[in-house]
Amino acid sequence: MRISRTWMTLGATAFALPLALVSADYASRAADHLDPPTRTDKDFDPTPDVPADIADVFAWYTPTSIVIVLTFAGPQPGNMPPTYDRDVLYTINISNAGARTDPEFQIRFRFGFDGQSPGVQFTGVPGTTGPIEGPVQTVLQRDGVKAIAGVFDDPFFFDLLGFRETRSTGTLAIRNTRDFFDGQNDTSVVIEIPRSAVLNGTNPLDIWAQTARFGGQL
Amino acid sequence: MRPALPLLALPVALAALGACSNDGPTAAPRPGPVESTPTPTPSPTATGTSFDVTRCLNQQVAPGVSVANLVIPDTVKLDVTKPNGFPNGRGLNDPVIDITLNVLFLDLTKHPATLLASLPLDPPGNEVKTLSDFPYLAPANGNPPMPPAGGTNFNFRTDPPSAYVSVDRMGMPAVATALISSAQKNAYNDSTPADDVAGKFTGDIVHTLTGLTNALADDFQRLGLTMCATPV
């Protein structure tokens, strides 16, 4: 039996985000919010899969670590709850050798509940000897890895309205004083891993994310 | 020395950026209610000239790294021997859209890849300050209703990945959203970076980028910017 979703926000937002400056296919979108539209955008899907909708993937390094951030289920205003869906499997792929498209590591995370309290479980994290799990909105640590899942500010910035005006008028109308994502949130995961656990010499890393739903698409 | 944006073009560009709305500099207003029946987005006015974008995809953004290399495969590339900063990795405050537009449309032998970001074309950064340490993301805006905290015995699924059906994938910002046509979007999101390298979507990317270039050429030309695409 599928457990009903809790603390999710289907259809919380009613807009599309850009980068497709002038896409004739759909309203402009951004990094990856509300894409693919026929699965995640309620303008095009009566049952959008908001929890499985990736917003952005970020990755950088520090002197001691590799940091990966995955944002999803947004953007949404500050009066909406975070989204923790037990039926979605999130995967962060990391390739550090050989074919850049063949992941050496697959970090998977998913949500579960203890009563009404949501928790998160990470498996396959480089350098760890077992799952990292615990309550959301809590810094979890194991084998030098830090991980957290929770609701945070959406870090993306972009003038959506300017792009829309550009698209409709054919005249570039983007303004650098107007950020459509101002005040918006995403549910997000942050993972910080010791460099020694991820890197393979000086090989570059290739990182990408996938989401999938148990029992089929909504 | 950085290639110069024609001096006359810069004020024209800035004027264009600021002349099209009376909105204030703060948060953008929320869009109106969603229509029950989606309406196709109108296409902008094209210049009437068709362009070949091959040169755009082949131009170098770094030694040995072409624009096509950034887009295909659709992954975030992070080289720890080089400085952080998109497109080497992606930081929370990197101006990814301006840089992406720059390298897709402008001639990098005439303009630096940071030209649009240096204006900037879009907002220069996040509206709130990100954190210098873990978890790096800024706290949530507003006051989101939060579920009960705590718990120790969570009912995580134990089903194998094969029990799940693909929904979404992402690496580089805006590739799936801007460079993949609507007809290919679901197939693209169900595919892998290995499919990207095999060329499964290369034709679609070229076709989409060509359409965008044809539509925007007049804007870039009016701003005195040299496009990477060549007329056909």
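**Exercise 1. Strands 3, 4 and 5 of chain A**

Determine how strand 4 and strand 5 of chain A pair, and over how many bridges.

*Solution.* Strand 4 and strand 5 (residues 117–123) of chain A run antiparallel to each other and are joined by 7 bridges; here strands are DSSP runs of E with at least two residues, helices are DSSP runs of H or I with at least four residues, and both are numbered from the N terminus, while two strands count as paired if DSSP finds at least two bridges between them. This is a predicted model, in which local features need pLDDT of at least 70, side-chain atom pairs count only at pLDDT 80 or more, and totals for chains, interfaces and linings use all residues. Residues are numbered from 1 along each chain as its sequence is written, and chains are lettered from A and ligands numbered from 1 in the order in which they are written.

The next step is to follow one residue through the pairing: Phe109(A) has Phe122(A) as its bridge partner in strand 5 of chain A, and Phe109(A), in strand 4 of chain A, also stands opposite Tyr90(A). Strand 3 (residues 88–95) and strand 4 (residues 105–114) of chain A are antiparallel as well, with 5 bridges between them. Finally, the hairpin of strands 4 and 5 of chain A has 2 residues between the strands, and Gly115(A) in this hairpin takes a positive phi near 65°.

**Exercise 2. The open sheet of chain A**

State in which order the 5 strands of the open sheet of chain A lie, and identify which strands form its edges.

*Solution.* Begin with the overall inventory, in which chain A has 3 helices and 10 strands. Five of the strands form an open sheet in the order 1-2-9-8-7, with antiparallel pairing. The edge strands are strand 1 (54–61) and strand 7 (140–142) of chain A, each of which pairs on one side only. Neighbouring strands in this sheet are turned by 15° against each other on average, direction ignored, where the axes are lines fitted to C-alpha atoms and angles between N-to-C directions run from 0 to 180 degrees.

Within the sheet, strand 8 (residues 145–153) and strand 9 (residues 184–194) of chain A are joined by 8 bridges and run antiparallel. Val151(A), for instance, stands opposite Thr187(A) in strand 9 of chain A.

**Exercise 3. The contact between the chains**

Work out how many residues each chain brings to the contact, and which element of chain A gives the most.

*Solution.* Chain A contributes 107 residues and chain B 99 residues, two residues being in contact if their C-beta atoms, placed from the backbone, lie within 7 Å. Strand 10 (residues 205–214) of chain A gives the most to the side of chain A that touches chain B, namely 10 residues.

The same strand also pairs across the chains, since strand 10 of chain A and strand 5 (residues 164–170) of chain B are antiparallel over 6 bridges. Ala212(A) has Ser166(B) as its bridge partner, and Gln210(A) stands opposite Arg169(B). Among the residues that Ile207(A) touches are Val57(A), Ile92(A), Val76(B) and Leu78(B), not counting residues up to four places away in sequence. For the complex, the predictor gives an ipTM of 0.85 and a pTM of 0.84.

**Exercise 4. Helix 4 and the confidence of chain B**

Decide whether the residues of helix 4 (residues 96–105) of chain B are buried or exposed, and where in chain B pLDDT stays under 50.

*Solution.* All 10 of the 10 residues of helix 4 of chain B are buried, so this helix is largely enclosed by the rest of the structure; a residue is buried if 20 or more other C-beta atoms lie within 10 Å of its own, exposed if 12 or fewer, and partly exposed in between, with C-beta atoms placed from the backbone. The cover of these buried residues includes helix 2 (54–58), helix 3 (67–71) and helix 9 (202–222) of chain B. Strand 5 of chain B is mostly covered, with 5 of its 7 residues buried, whereas buried residues make up 40% of the 232 residues in chain B.

As for confidence, chain B averages a pLDDT of 82, and 79% of its residues score at least 70, pLDDT being the predictor's confidence in each residue, from 0 to 100. Over residues 1–45 of chain B, pLDDT stays under 50. Where pLDDT is low, the predicted coordinates should not be read in detail.
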